Amino acid sequence: MSQNAPKETAEDKRCNLSAVLYNTNDLRMEQKPIEDPDDHEVLLEMHCVGICGSDVHYLTHGQIGDFRLSDPMIVGHEASGIVSKVGAKVKHLKVGDRVAIEPGVPCRTCTYCKEGRYNLCRQIFFCATPPDHGNLSRYYRHAADFCHKLPDHVSLEEGALLEPLSVGVHACRRAGVTLGSKVLITGAGPIGLVTLLTARALGASRVVITDILEHKLKTAKEMGADATVLIDRNHSLEEISTHIIELLQGEQPDKTIDCSGIESTIKLGMLVSCCCSAVA
């Protein structure tokens, strides 16, 4: 910040400047009301909000699948903040607590919720998924039981990364990554990288990761990948598959996790994996 920049006043801090997406490539900064929390909610002074690929997709395309932007929407869902006010029935949090936000709040009463699979709840509120507002604001209220208190050694910046990290953890758990697993990850974007970190933490003996961009693979290598594969569209899936097996010392991966959502990488994963492997 420039030394000549005006200092932020107490009144400035109480303004609720928010990033509001109106339409494709139409993102505006606007003041929004600061809402008081309900009995089981907290009001957060936001600290860090990540920019997810979904935020970018809504900005550039206006929809993801069946979720179409029809009304102005505040973006952002990978976030952390500091508790500014607590609802009357909130007992586990207090003003000043630093929290990471779990952006999906389910109904808590449907069969999926009662089975502990609340991510599948059809009535879920999910930040920055139309028609639900996100949290790229100065102040934001959220269900208190979906705000997770951060330990002292975890920064607010790290707290905002817990949501994408949870994707990698969930994927590795679903795939059954464990000690000695030979893992192929297709896609070295942020989700591919946190999946790489998780696979390593769970004891994978060898991890190979693919992408179409060299600089992403360089980062993956720095973060612990044993080998990387730069995808050349001039090579067939069979040729790429053979190369991956060579990098895995002659063995097929027993866990393959796709982190790109591209049809060709999904095909590659099914082609290269052994018959008893998990493909997630």
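# Exercises on a two-domain predicted model

Strand β7 (residues 78-86) and strand β8 (residues 98-101) run antiparallel and are joined by three bridges. Helices (H or I, at least four residues) and strands (E, at least two) are DSSP runs, numbered from the N terminus. The model is predicted, so local features need pLDDT of at least 70 and side-chain atom pairs count only at pLDDT 80 or more, while totals for chains, interfaces and linings use all residues. Residues are numbered from 1 along each chain as its sequence is written, and side-chain values use heavy atoms, with hydrogens and water left out.

## Exercise 1: the sheet

Find the order of the strands in the open sheet that holds β7 and β8, and name its edge strands.

Solution.
- Step 1. Two strands pair if DSSP finds at least two bridges between them. β7 and β8 have three bridges.
- Step 2. One residue position can be located in this pair: S80 stands opposite A100 in β8.
- Step 3. The five strands follow the order β11-β3-β7-β8-β12, with antiparallel pairing.
- Step 4. β11 and β12 (147-149) each pair on one side only, and are the edge strands.
- Step 5. From one strand to the next, the twist averages 45°. Here axes are lines fitted to C-alpha atoms, for helices over the stretch in contact, and angles run from 0 to 180 degrees between N-to-C directions.

## Exercise 2: the cysteines

Explain why C127 is in no disulfide, and state where the nearest cysteine sulfur to C172 lies.

Solution.
- Step 1. A disulfide is a pair of cysteine sulfur atoms within 2.5 Å. The structure holds zero of them.
- Step 2. The closest cysteine sulfur to that of C127 belongs to C147 and is 9.2 Å away, which is too far for a bond.
- Step 3. C172 is in no disulfide either; its nearest cysteine sulfur, in C259, is 8.1 Å away.
- Step 4. Buried means under 20% relative accessible area, exposed over 50%, partly exposed in between (1.4 Å probe, protein chains only). C127 is buried at 0%, and C172 is buried at 0%.

## Exercise 3: the nonpolar cores

Which residues of the largest nonpolar core touch the most other members?

Solution.
- Step 1. A nonpolar core is a set of buried Ala, Val, Leu, Ile, Met, Phe, Trp, Tyr and Cys residues joined through side-chain atoms within 4.5 Å.
- Step 2. The largest core has 17 residues, and V177, V207 and I209 touch the most other members.
- Step 3. Two or more residues of this core come from each of α5 (162-175), β13 (182-186), α6 (190-201), β14 (206-211) and α7 (214-222).
- Step 4. Leaving aside residues up to four places away in sequence, V177 is in contact (heavy atoms within 4.5 Å) with C172, V183, A199, L202, A204, K255 and I257.
- Step 5. A second, separate core has 13 residues, including A79, L93, C127 and A144.

## Exercise 4: backbone exceptions

Where do N25 and Q249 lie, and is each buried or exposed?

Solution.
- Step 1. Most residues other than glycine have a negative phi, and most peptide bonds are trans.
- Step 2. N25 has a positive phi near 55°. N25 lies in the loop between β1 (17-23) and β2 (26-31), and is exposed at 57% relative accessibility.
- Step 3. Q249 has a positive phi of about 60°. Q249 is in the loop between α8 (237-247) and β16 (255-258), and is exposed at 61%.
- Step 4. The peptide bond from P130 to P131 is cis, with omega near 10°. P131 is in the loop between β10 (125-126) and β11 (139-143).
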